[in-house]
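Here is a friendly tour of some side-chain contacts. Please have a look at the sequence and the structure, and then read on.

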Amino acid sequence: MSRKISILLALVALASCAEQAPGTPLDPQHYIYWPVSVEVVQTAPGTPGVLYVVSSNIDRRYTRAAVVAIDLGKLPASLPPVVDAPIAGDGVALIDSFGGQFALYQPTGASASQRTLFIPTRARNQLYALRADGAKLTCWDQSSPDCLSQGIPLANANSAVIDAFGAAVRGSKLYVNHLRSTAVGTITGTSYLVEIDAEAPTDPQSFVFHDIGLAPSEGLAISPAGVYLAGKALASHDAVLRLFDPANPNATLGDLLSDTRLKEARGLAISSDGNRLFMAVRGTASNNDLPASGPDGLAIIDISVDPVSGAPRHQLLSFTPTPLGPTTVKVVPRAGRRDLVAISCTTANQLALYDDEIGEVAGLVQGFSGPSGIAYVTLSSGTTRLFVADFGNNSVDLVDIPDLTRPRGATVVSKLATTPELVNGGGQ
């Protein structure tokens, strides 16, 4: 029970304002510590790839958090319940606490050595730009693995963000959003979408702060039409889904789904054919600003282009209930079928698998403690392997789906950790 309470308190801290507190130096045994987001990069389909993990240090036990790169080809062929993460000495970069989602940028035609990882952090609302050459990480200036002092403030003379969290790349532009407006719960204030040159991110004076209204945003998704923003409603100000068009940055974004009961949105993902938007929605948990308005679930939205207007339709097609606390959404394409959509449900400690072919949740995976970010690869055997940031277990959980047409067969096959004794059910 005490373990569950501590996880809930940490999740509350993750969603609230962050300030730096004293701690002790980060040790290698805690490089995966309260992980929030993950991504995998493969050199070719079927190859093991490299897994990148952002840890949050959410309880501020340490003076720094970490980003780690793991060569998945070094995992044992036969996976035990808990695997010691094979992290090389140059596969670690130290950053500020409370890291959020991160984005990968690699210029067209550039080699892997020119890949950049962008991570917004909330302890002091900074952005970190790390150079990622496969399983090797360095600071932007390539001086050392300790990048704490290289945080780029997400502010200029007139604007700043509070609780920087999401990141996404469109072309050569990086976009960063944040979780709190400058005046939460009031009818005045501002939230921003920050636009940054992904090839020259170290000059904050070049940042463009786009005013997106009062309500802040959590989820980002990139489409040909622009940047979709999933976010919160504050009192009577609904902003569950907005669209920022870089070609017309001063246009009013509005609430694209104002005629629905959807109020509170989290993660976003676009279907593999580009015609649908999947949005995690929370409606059962109420707070002072937003009354409960419906169940938690996944909203499916038609964003296909109307041939007459030339604009996305933005029509709500359906809504499917999920376990409590849907947070991150990840699309897994399937040849000849509509997508499988993985949804981390942090409150229920489950991973839901929505089958867009049949329009319902077709599989549930147990065994997590506050699941968060999701990534995936296709193994040489044809099995799809999901990597789930298991926030409360200090691990990245490996979920195998042998047959994507039968998501009920998904199971947790192992937990990847640097501190096995902190993982529930392992290393005891």
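The sections below go through aromatic rings first and charged side chains after that.

## Aromatic pairs

Please keep in mind that this is a predicted model. Its aromatic pairs come to 6. In one of them, Tyr-33 and Tyr-62 meet edge-to-face, with 5.4 Å from centre to centre and 75 degrees between the planes. The two partners come from distant parts of the chain, 29 residues apart. Tyr-33 belongs to the loop between α1 (2-14) and β1 (35-41), while Tyr-62 belongs to the loop between β2 (50-55) and β3 (65-71).

Are these two tyrosines buried or exposed? With a relative accessible area of 5%, Tyr-33 is buried, because the cut-off for buried is under 20%. Tyr-62 is buried too, at 3%. Both rings also take part in a cluster, in which ring pairs link Tyr-33, Trp-34, Tyr-62 and Phe-391.

## A charge over a ring

Arg-131 and Trp-140 give you another kind of contact to look up. The charged end of Arg-131 sits over the Trp-140 ring, 4.2 Å from the ring centre.

## Salt bridges across the chain

Side chains of opposite charge can pair when their charged atoms come close. Across the whole structure, the search finds 13 salt bridges. One of them joins Lys-330 to Glu-39, and the closest N and O atoms are 3.6 Å apart. Lys-330 is in strand β22 (residues 326-334) and Glu-39 is in strand β1, so this pair ties together parts that are 291 residues apart in sequence. Glu-39 counts as partly exposed, at 22% relative accessibility.

Arg-266 and Glu-218 also meet in a salt bridge, at 3.7 Å from N to O. This pair, too, links distant parts of the chain: Arg-266 lies in strand β18 (residues 264-270) and Glu-218 in strand β15 (residues 217-223), 48 residues apart. Arg-266 counts as buried at 16% relative accessibility, and Glu-218 counts as buried at 7%.

## Another pair and a network

Which residue forms a salt bridge with Asp-403? The partner is Arg-406, and their closest N and O atoms are 2.7 Å apart. Asp-403 is partly exposed, with a relative accessible area of 27%, whereas Arg-406 is exposed, at 57%.

To finish, find Arg-122, Asp-163 and Arg-180 in the model: a network of salt bridges links these residues.

Notes. Residues numbered from 1 in each chain as written. Predicted model: local features only at pLDDT ≥ 70, side-chain atom pairs only at ≥ 80, totals over all residues. Heavy atoms only, no water. Phe/Tyr/Trp six-rings, centres within 6.5 Å; stacked < 30°, edge-to-face > 60°. Helix = DSSP H or I, 4+ residues; strand = E, 2+ residues; numbered from the N terminus. Buried < 20%, exposed > 50% of the residue type's maximum accessible area, 1.4 Å probe, protein only. Lys NZ or Arg CZ within 6 Å of the ring centre and 35° of its normal. Salt bridge = Lys/Arg side-chain N within 4 Å of Asp/Glu carboxyl O.
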